[in-house]
Amino acid sequence: MSEQEATSSLWDEFTSPVNLILVFFILYLLYKIVKSHFETIEPAAPAPPPMPKLQKDMTVAELRKYDGSDPEGRVLIAVNNIIFDVTRGKRFYGPGGPYAAFAGRDATRGLATQQVAGSEVEYDDVSDLSPDELAAAKEWEEQFKGTTYF
């Protein structure tokens with residue numbers, strides 16, 4: 001076999017469509033690897049500091065101040081006479097959210113009856129609720145207690 005035939009057949013194999021595709025693919029992967037080593041990773045913006053916890057009992061009138069409309073933006077709801085800070089879930093419980101009616105109010109009746117409406121009375125006696133509704137309210141209370149973002 002002559003040297004010219006060997007060179008010719010080597011060139012033919014290199015320029016075959018499959019081999020060209022593989023060479024370009026390998027070059028592309030090398031480019032991505034080299035490029036990733038030179039990219040700088042920008043640090044993520046720090047999360048805002050958490051709001052201080054409120055450690056006090058409140059009246060219904062005091063609770064209404066925490067509906068998310070004040071400059072601080074804190075949102076509180078009450079379930080079974082326990083107050084929960086749901087500020088981190090503000091898109092649901094804050095102004096304009098689907099559960100905004102519960103913000104700054106006792107949500108026990110609304111959650112128990114599956115109606116999105118907060119209590120308008122100073123004290124909502126939920127003794128008229130059925131046992132199933134009271135159990136549903138208790139489940140909501142347990143869910144709020146177990147949720148880490150509240």
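## Salt bridges and the faces of helix 6

The side chains of Lys138 and Glu141 form a salt bridge with an N to O distance of 3.3 Å, where a salt bridge is a side-chain nitrogen of Lys or Arg within 4 Å of a carboxyl oxygen of Asp or Glu. The model is a predicted one, in which local features need pLDDT of at least 70 and side-chain atom pairs count only at pLDDT 80 or more, while totals for chains, interfaces and linings use all residues. Residues are numbered from 1 along each chain as its sequence is written, and side-chain values use heavy atoms, with hydrogens and water left out.

Lys138 and Glu141 both belong to helix 6 (residues 131–146), three residues apart, about one turn of the helix; helices (H or I, at least four residues) and strands (E, at least two) are DSSP runs, numbered from the N terminus. Lys138 also meets Glu142 in a salt bridge, and these two residues of helix 6 are four residues apart, again about one turn. Through shared partners, salt bridges join Lys138, Glu141, Glu142 and Lys145 into one network.

The structure holds six salt bridges, among them the three tabulated here.

| Salt bridge | N to O distance |
|---|---|
| Lys138 and Glu141 | 3.3 Å |
| Lys138 and Glu142 | 3.7 Å |
| Arg74 and Asp85 | 2.8 Å |

The pair of Arg74 and Asp85 is joined by a salt bridge of 2.8 Å and links distant parts of the chain, with Arg74 in the loop between helix 3 (60–63) and strand 1 (76–79) and Asp85 in strand 2 (residues 82–85), 11 residues apart. Arg74 is buried, at a relative accessible area of 2%, whereas Asp85 is partly exposed at 23%; buried means under 20% relative accessible area, exposed over 50%, and partly exposed in between (1.4 Å probe, protein chains only).

Within helix 6, Glu141 is buried at a relative accessible area of 4%, while Lys138 is partly exposed at 40%. The buried residues of this helix include Ala136, Ala137, Glu141 and Phe144. Seen down the axis of helix 6, its buried residues fall within an arc of 145 degrees, so they line one face of the helix, the arc being that of the directions from the helix axis to the C-beta atoms. The face turned away from the buried side of helix 6 carries the exposed residues Pro131, Asp132, Glu139 and Gly146. The cover over the buried residues of helix 6 includes strand 1, strand 2, helix 4 (90–93) and helix 5 (108–113), with contact meaning heavy atoms within 4.5 Å.
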